[in-house]
Amino acid sequence: MENIVEELKNRRVFAERMGGQHKIDALHAKGKKTARERIALLVDEGTFLELGKLTSSDIPGLEEKSPGDGVICGVARVDGRPVVVQAGDKTVFAGTEGAVHIRKTKAAHAYALKRGLPIVNLSEGGGLRMPDGMGSDGISDKLFPQEMLMHHREVPMVTAILGDSFGGPTWLAVSSDFVTQLNGTCMGVAGPRMLEIATGEKITENQLGGVEIHHKHTGQIDQSADSEEECIDQLKLFLSYLPSHSEEEPPLCHNEDSLERRVDQLLSIVPEKQNRAYNMKKVLKELVDNGEFFELKPEFGPALLTVLSRIGGRTVGIIANQPMKYAGAAGVQECEKATDFICMCDSFHIPLIFLHDIPGFRVSSEAEKKKIPTKIMMWNQALAQSTVPKLSVVIRKSVGAAYGNMCGPTMGADFVVAWPSAEINFTGPEVGVNVVYGRELMQSENPKQDREKLLEKWSFDSSPYKAAAKHLIDDVIDPGETRVFLARTLELACYKNGSKSNRNLANWPTGF
């Protein structure tokens, strides 16, 4: 028996060496960490239980060259909560996916769903391996796994792209609820070399799938960082706002920030003049607990902010217009960003708060080519089908159809209120006066004076008091009471069923 146990120890040691010391040294020389070192950064010390440690490739002759078959899987605790972890091992066949590799990850994913454990992917790898995927037999059982395609947002899934990732790691990332990417890495369907061979296009990794491409153009990542440690910290922070699975609410995080705290500083942050810009992030900082929030997709659709934060210790998702960018007007990217965020929050029982300061949509011939009508309606459909508590505050203006997209009246909000300075109308005063009275003003003997009178009348009609008088909105509130109002109404909205939704959007795609 001692000899048998000794053999087991030797096999475990062999597995822990991954692709061998020389390959580990090569990674370290590039300033990169191994899969096991990344797992150690993520999990609580001493909690990692590895599954499939003694696996290897099932291709004859490769058994001794493929410990783990390019992926390390297991269960551990992160900040005390159990999670399933998958880490691509670059030292074994460049982290590519063989038959056993795929079998391991499918089993890990299935177990996470079975027991309600979040999935954390520490990704790096070259996609499907040759020769495993070659031939009609090789590819026929290695297509997209049903576990990933039928995930249904049952548990949170988060991914860190920590090295160049193509194929499988990319599919995992774009199917995730949160993605962070290490600066200097590439994420795409296939790498530049394969692209050149297949199409003749020559392109660098950074141009193909670098951080800037995904931040500004694709929206396929939520954050990025300069170090692996920072990326992993972002994963942990995101998970801290979410429940472990779809049958529970996000954890409460009690703090000392008073729910009765006034926010009179907002009077000096938000200008009275409608055409003057200000930073909506300063407003958020005053409203949320201890001024702390976590922004998603900061450079994609920058005229709209989507952030996770807390009020009264309860996780909330906030959708707010950003007047610093395009005066807060939403375009195609902002529509996709809002839809994606609503789906995620509704699926994981995160109440939504909308802070309006939007002059409408950025319509143009180019926007029409990118299907902005469809994008606007997808946002509306997601909003209408969401059933989490929703609170809506018109900070300064909410104009046209965008008033609906930001959860105005009839869009399912528990409460819709406005500041006394708010402007609510079909269109802005300048545009409205020009369209309706343009010819009349051209024939006027004193067009400037007549325009001022019309603008004054239009502005009066746009004030929130008319809507409040007819009970089309619930109230006009003192800006300094905004945090108090949000805290009290959030508690009311969560009184019967907590923040639980019907999860109508759980099966919606993870990208739009």
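Q: Which residue follows helix 14, and what is the sign of its phi?
A: Helices (H or I, at least four residues) and strands (E, at least two) are DSSP runs, numbered from the N terminus. Helix 14 is followed by His349, which has a positive phi, near 60°. This is a predicted model, in which local features need pLDDT of at least 70, side-chain atom pairs count only at pLDDT 80 or more, and totals for chains, interfaces and linings use all residues. Residues are numbered from 1 along each chain as its sequence is written, and side-chain values use heavy atoms, with hydrogens and water left out.

Q: What span does helix 14 reach from its first C-alpha to its last?
A: The expected span of a helix is 1.5 Å times one less than its number of residues. Helix 14 (residues 332-347) has 16 residues and reaches 23 Å, close to the expected 22 Å.

Q: Why is helix 14 described as largely enclosed by the rest of the structure?
A: Buried means under 20% relative accessible area, exposed over 50%, and partly exposed in between (1.4 Å probe, protein chains only). In helix 14, 15 of the 16 residues are buried, so the helix is largely enclosed.

Q: Is Arg483 buried or exposed?
A: Arg483, in helix 21 (residues 482-493), is buried, with a relative accessible area of 0%.

Q: Which side chain makes a polar contact with the side chain of Arg483?
A: A polar contact is a pair of N or O atoms within 3.5 Å; within protein, one must be able to donate a hydrogen and the other to accept it, and residues adjacent in sequence count only if both atoms are side-chain atoms. The partner is the side chain of Asp289, at 3.0 Å. The Arg483 side chain also reaches the backbone oxygen of Asp257 at 3.3 Å.

Q: Which residues lie nearest the centre of the second largest pocket?
A: On a 1 Å grid over the protein atoms alone, a pocket is an open set of points with protein on both sides within 12 Å along at least five of seven lines, and lining residues have an atom within 4 Å of a point. Here 19 residues form the lining, and Gly219, Lys297, Asp340, Thr510 and Gly511 lie nearest the centre. Helix 7 and helix 14 are the elements that give two or more residues to this lining. Helix 14 provides the largest share, four residues.

Q: How many charged residues are in the lining of the second largest pocket?
A: Ala, Val, Leu, Ile, Met, Phe, Trp, Tyr, Cys and Pro count as nonpolar, Asp, Glu, Lys and Arg as charged, and the others, Gly among them, as polar. The lining has seven charged, six polar and six nonpolar residues.

Notes. On a 1 Å grid over the protein atoms alone, a cavity is a set of points where a 1.4 Å probe fits but cannot get out, and a pocket is an open set with protein on both sides within 12 Å along at least five of seven lines; lining residues have an atom within 4 Å of a point.
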